[in-house]
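Please look through the sequence and the model shown here before reading on. The paragraphs after them lead through a few parts of the fold, one at a time.

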Amino acid sequence: MSNIATNEKIPNNVNLAEDRRLQRALEQWQPSFLDWWREMGPEGFQLQDIFLRTAISADTDGWAHFDYVRMPEYRWGIFLADPVPNRTIGFGDDYGKPVWQEVPGEHRNALRRLIVTQGDTEPASVEQQRFLGKTCPSLYDLRNLFQVNVEEGRHLWAMVYLLHSYFGRDGREEAEALLQRRSGNPDNPRILGAFNAPMQHWLSFYMFTYFTDRDGKYQLLALAESSFDPLSRTTRFMLTEEAHHMFVGETGILRIVERTAEIMKQHPSDDPRRHGVIDLPTIQKYMNYWYSLSLDLFGGEVSSNAAHYFASGLKGRAHEDRFEEHSALDAYYAMDVLEDGKLTREEVALRNAMNEVLRDAYVEDSQRGVDKFNKLLTEAGIDFQFKLPSRRFNRQVGLFAGVPVSVEGELLTQAAWDARRDAWLPTEADEAYIHHLMSQPVYEPGKMAHWIAPPKRGIKGRPVDFEYVRMD
Ligand SMILES: [Fe+2]
Ligand SMILES: [Fe+2]
């Protein structure tokens, strides 16, 4: 087990105290981080006591501590999963050789790019979610929002630790820039598209934590395979926190669907909106939107960057050990591509298709929650099923960027797409309805907004009506 230092300025299990230079550099970055948090973190609630989980070690049992804490006093720490003894490279051209404890010169730029891109998503999502506390459906949900926010803050710390430790001056400059970019700012936006999209209400929040945090899961799984061992160990530990974020999304959507189903049973012939809940087709539209945006995060279907990352051992496939063969040479991946305005099946060299391989795993994983939503509807006797749209639908990145494709995946004329757009994606009227529905926050312990069912259970054995956020 690694050495844990929790009473230092920066809690860590990386022996920070033994590396004075690094410790000083990170201690200098810390006030900038806190300035960023105050400026761009959750609006309000900074003085409230919130029942939060804090990582205190990387042990599988007992890695977290739960207690009331004020967000600016949250103990953002640096925790790496314990090293795997004699770990060797698991894929690519250097398969079987020892993993790297330092950054090889020839991979310095690519690795820095991967770390910065991952790191950039963490503060971005906090920025996107900063106003949601003002419209929360319950104290339980409010607490979950802030839990996600502080942990994304810790994930930023995780990436900044790598930048400071292994990338010298460039790394320190990148760490500064991570606090300068702003989600949705046209002059200095966050790096990836979905992390600049506005998130104005809780339906989008749950969709984001379900779909976009799940992209995070798959990126982290791929980076956990990295030959650069510190990156692997950092991301492995981040995955334990990430699981809760997706839980928040999945159960949030499920509770909305449950509440709508309840109202539909009581008033079978009415528009559910008349009864103050979100109708199922609208939920489907938000699903289409956030899912397609999140698919873009995996990058182009055919990518020489992805091939390079794989060949050189920087980024693997999720659960690389489940594959039989780890070089991915002389292997092909069949995918639909666009040729002369038609869909054609094409064999692509497997290494060039690595983004698509990771996207496959993501698509499969995304479907599992959707099956649960559908099971709930079936059990409620409601004749409606959610469906993930085709992965070609509404794409802004890759082979189908800007190509008019239906939710079923067929190519359309632009006019046909335009005519059906409002049936597939949220409209201004949908946004307005949801804004109106969610305009009043619920700050009373145990109470829920009308449009969502209560959770099955509370957090860490506490009841649902526990005072997760002390409002006074
Ligand atoms: Fe994260
Ligand atoms: Fe997350």
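What follows covers a sheet, two pairs of helices and a single residue.

The model is predicted, and the account begins with the sheet. The sheet is open and has 3 strands, in the order β2-β1-β5, with antiparallel pairing. At its edges stand β2, residues 64-69, and β5, residues 469-470. Each of these two has a single partner strand, so one side of each is left without a neighbour in the sheet. Strand β1 covers residues 49-55 and is joined to β5 by 2 bridges, the two strands running antiparallel. In one of these pairings, D49 has R470 in β5 as its bridge partner. Helix α3, residues 139-166, packs on this sheet and touches β1 and β5. The direction of α3 makes about 40° with that of β1.

Helix α3 also takes part in a helix pair. Two packed helices are described by the angle between their axes and the distance between the axes. For helix α1, residues 20-40, and α3, the axes come within 11 Å and cross at roughly 145°. This crossing is right-handed. Which residues of α1 meet α3? They are L22, A25, L26, W29 and W37, and on the α3 side they meet G153, V160, Y161, H164 and S165. Sorted by class, the residues of this contact comprise 7 nonpolar and 3 polar, with no charged ones.

The second helix pair is formed by α5, residues 202-224, and α6, residues 229-266. The axes of α5 and α6 come within 8 Å, and the crossing angle is roughly 155°. Because angles over 145 degrees count as roughly antiparallel, α5 is described as roughly antiparallel to α6. The crossing of α5 and α6 is left-handed. Their contact holds 16 nonpolar, 7 polar and 6 charged residues.

The last stop is one residue of helix α6, namely A243. Is A243 buried or exposed? A residue counts as exposed if 12 or fewer other C-beta atoms lie within 10 Å of its own. A243 has 10 C-beta neighbours inside 10 Å, and therefore it counts as exposed. A243 can also be placed relative to R113, which is 130 residues away along the chain. The C-alpha atoms of A243 and R113 are separated by 25 Å.

Notes
Residues numbered from 1 in each chain as written. Chains lettered and ligands numbered in written order. Predicted model: local features only at pLDDT ≥ 70, side-chain atom pairs only at ≥ 80, totals over all residues. Axes fitted to C-alpha atoms, helices over the stretch in contact; angles between N-to-C directions. Helix = DSSP H or I, 4+ residues; strand = E, 2+ residues; numbered from the N terminus. Parallel < 35°, antiparallel > 145°, perpendicular 65-115°, else oblique. Left-handed = near helix turned anticlockwise from the far one by under 90°. Nonpolar A, V, L, I, M, F, W, Y, C, P; charged D, E, K, R; others polar. Pairing = 2+ DSSP bridges. Contact = placed C-beta atoms within 7 Å. Buried ≥ 20, exposed ≤ 12 C-beta atoms within 10 Å, placed from the backbone.
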